[in-house]
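Please open the structure in a viewer and follow the stops below in order. Each stop names a selection and then describes what is found there.

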Amino acid sequence: MEWRQNMPLNTLIFDVDGTLADTERDAHRVAFNRAFAEMSLDFAWDVETYGRYLKVTGGKERLGRFLDDHPQYPQLSDADIARIHRRKTALYVEIVQSGAVALRPGVARLLRAARAAGWRLGIATTTTPDNVQALLASTLGEMGESFFHYIGAGDIVPQKKPAPDIYEHVLDALGANPEDCLALEDSENGLRSALAAGLTTVVTQTDYTRGQDFTGAVRVLDCLGEPDAPARIIEGMQRDTSVCVGLQELQAWWEEAHKGKGTLRNG
Ligand code: XBP
Ligand code: MG
């Protein structure tokens, strides 16, 4: 489309877990284990086990898969899993409200810059809406949610990441064309979801997602960085250079991707 060619990037869509904040190991995992203990379930997830089950997106789905793989434990109905998961959500919210979870480096800076520049902001996440609300309030203040024009979360779509559903849903709600947007993700499942929805994607990896296949991302970084503690580009053009990711960098990478340059290829 000719008219689109000179249109700048104007919309960012953020993943939550792993991208806005490093929530999995010390918040979600801990909340699951507390719920399991309260319900007298005879198992707990250590850091390594939880990391393996992160390939299953969605807390209820994750627990279901774990039980499928461990027939020695009592098999729970979907209703039981949903009940345990509701309790896990309440415990997660308590952890977040205690102030135990911070935004990753550069996230608040980038959100503020995007807002000041009039860009649209969205969230596309697999996690439960209550979790997102609690995280935004505890890290950005009571008005945290107002940074975002639309928040798409959890069971609002039939298929979780790596299916494109949640990104397609958020694009639809924002009335945005994928070509005008950029997604920020931390995981292979998230990247697959964003790419399948047609989005240029930047990955900020975590300890849990390091080493995953990020083919198709326009850049993979260790974080977004701050002026006094820049991020490192791990994969993609300018590899091994330091950068503090701002709107200019995102704009330049997005343009590269649109010109068919810059995205990681297999091998
Ligand atoms: C991460 C997930 C979620 C969380 C747990 O979502 O897959 O399942 O691990 O949250 P994303 P729930 O990276 O898309 O933010 O227990 O509420 O599912
Ligand atoms: Mg994630």
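**A tour of the predicted model**

Begin by selecting Pro-162, which is found in the loop that runs between strand S3 (150-153) and helix H7 (165-174). This is a predicted model. Now add Lys-161 to the selection: the peptide bond joining Lys-161 and Pro-162 is cis, with omega at about 15°. Most peptide bonds are trans.

**A loop after H1**

Next, select Ser-40, located in the loop between H1 and helix H2 (47-53). Ser-40 is not a glycine, yet its phi is positive, at about 55°. For residues other than glycine, a negative phi is found in most cases.

**The pocket of ligand 1**

Move on to ligand 1, and display the pockets if the viewer permits. The largest pocket is the space that ligand 1 takes up. Which elements give two or more residues to the shell around ligand 1? They are helix H1 (24-38), helix H3 (59-69) and helix H4 (78-97). H1 contributes the most to this shell, with three residues.

Select the shell itself. Ligand 1 is surrounded by 19 residues, and the closest are Glu-24, His-85, Thr-125, Thr-127 and Thr-128. Colouring the shell by class shows three nonpolar, 10 polar and six charged residues. Colouring by domain instead shows that domain 1 (11-22 + 102-258) and domain 2 (24-97) each supply at least three residues to the shell.

**Polar atoms beside the ligand**

Finally, examine individual atoms around ligand 1. Select Thr-128, where a polar side-chain atom lies 2.6 Å from an oxygen atom of ligand 1. Turn then to Gly-59: here a backbone N or O atom is 2.7 Å from an oxygen atom of ligand 1. At Asp-15, a side-chain N or O atom is 2.8 Å from an oxygen atom of the ligand. To close, show the surface of ligand 1: taken alone, the ligand exposes 450 Å², and the protein buries 95% of that.

Conventions. Residues numbered from 1 in each chain as written. Chains lettered and ligands numbered in written order. Predicted model: local features only at pLDDT ≥ 70, side-chain atom pairs only at ≥ 80, totals over all residues. Heavy atoms only, no water. Near = heavy atom within 4 Å. Polar contact = N/O pair within 3.5 Å; in protein donor to acceptor, adjacent residues only side chain to side chain. Areas by Shrake-Rupley, 256 points an atom, 1.4 Å probe, with all protein chains shown as cover. 1 Å grid on protein atoms, 1.4 Å probe; cavity = no way out; pocket = protein on both sides within 12 Å on 5 of 7 lines; lining within 4 Å. Sits in = over half its atoms within 2 Å of the grid points. Helix = DSSP H or I, 4+ residues; strand = E, 2+ residues; numbered from the N terminus. Nonpolar A, V, L, I, M, F, W, Y, C, P; charged D, E, K, R; others polar. Domains from an automatic or database assignment.
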